[in-house]
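Grab a viewer and work through a few exercises on aromatic pairs and helices. Try each task yourself before you read its solution.

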Amino acid sequence: MYALVTGGSRGIGRAVAVKLAKMGYKVLINYMSNDVEAEKTLAMIREAGSDGELLKFDVSQADVAQKALEDWMAAHPSEYIEVLVNNAGIRKDNLLVFMAPDEFQRVLTTNLFSFYNVTHPLIEQMIRHKYGRIINMASLSGLKGLPGQCNYSAAKGGLIAATKALAQEVARKNITVNAVAPGFVRTDMVEGLDEDELKGQIPMKRFGEAEEVANLVGFLASKEASYITGEVININGGLYS
C-alpha cells in the first residue's frame with residue numbers, strides 16, 4: 001500500500017508521513033529543496049517500521065509533477081497510490097495594498113494549482129481500483145479569511161471548494177475526498193507570528209501540534225472513515241467553527 005504526502009519533508013507533512021507509515025503504508029515523500037530534512041523524514045518512516053521513497057519535484061509545475069508521477073507509476077506497474085495528502089504550501093503574507101503580483105500568484109500556484117497538478121495524474125488509478133483517499137490540507141484562513149492573507153485565504157478557500165466538488169465526482173467509486181483545516185499549529189509555517197498574543201484568542205490557550213493534525217489525517221485515510229466525504233474538518237482548539 002502506497003501513500004503520497006506532498007510537502008512531506010517537515011512540519012505537518014512529516015508528521016502525516018510518519019502516521020501513515022505506522023498504519024502500514026509505504027510513504028512517498030514529495031519535497032522541493034531540503035534534501036537533509038527529507039532524508040530525516042525517510043529515516044523516521046523506517047523507524048516506524050515501514051519504508052518509503054523520496055520524490056523531489058515542484059508541485060506548482062504541472063508538467064514536472066505529471067512526469068514525476070508517471071515515472072513512478074511506470075516503475076511500479078503492479079502498485080498504485082491509494083492515499084494522497086495534498087499538503088504542500090507556502091505563505092507570502094502582506095496587506096493587499098502592498099502585495100506584489102508575484103506574491104499573489106506564487107501562493108495560488110503552490111497552494112491551489114498543485115491540487116490539480118498532483119491529483120489529476122493519480123485519480124484515474126484510484127477510479128480503476130475503486131478505492132482511494134484524498135485529504136487536502138486547507139486552513140482556518142480559507143474558511144474565515146485572515147487579514148494579510150488575501151492570497152493564502154483565496155488559495156485555501158479554492159481548495160475547499162475543489163474538495164467538495166471532487167468528492168461528488170468520485171464518491172460512487174469508493175474514493176473519499178476531504179479537507180483538514182488547521183488553525184495555528186507549531187511548525188515553520190507560523191514563524192514570525194506572535195504566539196503569546198495569538199494563544200489568548202484560542203479557547204484551548206495553546207497552538208496545536210503537528211502530530212494532532214496527523215492523527216486526524218490518519219483517520220480520514222483509514223477505512224473507518226469510509227462514509228465521510230466532501231467534508232472540511234476544523235482542528236483549531238476551538239478558535240473557529
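Three exercises follow, each with a worked solution.

This is a predicted model, where local features need pLDDT of at least 70, side-chain atom pairs count only at pLDDT 80 or more, and totals for chains, interfaces and linings use all residues. Residues are numbered from 1 along each chain as its sequence is written, and side-chain values use heavy atoms, with hydrogens and water left out.

**Exercise 1. Find the aromatic pairs and classify them.**

Step 1: set the rule. Rings of Phe, Tyr and Trp (its six-membered ring) pair if their centres lie within 6.5 Å; planes under 30 degrees apart are stacked, over 60 edge-to-face, and the rest tilted.

Step 2: search. The whole structure gives 2 aromatic pairs.

Step 3: take Y2 and W72. Their ring centres are 4.9 Å apart and the planes sit at 70 degrees, so call this one edge-to-face. Y2 belongs to strand β1 (residues 2-5) and W72 to helix α3 (residues 62-75), so the pair ties together parts 70 residues apart in sequence. Helices (H or I, at least four residues) and strands (E, at least two) are DSSP runs, numbered from the N terminus.

Step 4: take F184 and F207. Here the centres are 5.5 Å apart and the planes at 20 degrees, so the pair is stacked. F184 is in the loop between β6 (175-182) and α7 (195-199), while F207 is in the loop between α7 and α8 (210-221), 23 residues away.

**Exercise 2. Work out which face of α3 is buried and what it packs against.**

Step 1: fix the terms. Buried means under 20% relative accessible area, exposed over 50%, and partly exposed in between (1.4 Å probe, protein chains only).

Step 2: list the residues. A65, A68, L69, W72 and M73 are the buried ones in α3, with W72 at 4% relative accessibility.

Step 3: look down the axis. The buried residues fall within an arc of 130 degrees, so they line one face of α3; the arc uses directions from the helix axis to the C-beta atoms. D63, K67, A74 and A75 are exposed on the other side.

Step 4: check contacts (heavy atoms within 4.5 Å). The buried residues of α3 pack against β1, β2 (26-31), β3 (52-56), β4 (81-86) and α4 (101-129).

**Exercise 3. Locate the kink in α4.**

Step 1: compare axes fitted to the seven residues ending at a residue and the seven starting there; the angle between them is the bend.

Step 2: read off the result. α4 has a kink of about 45 degrees, centred on F113.
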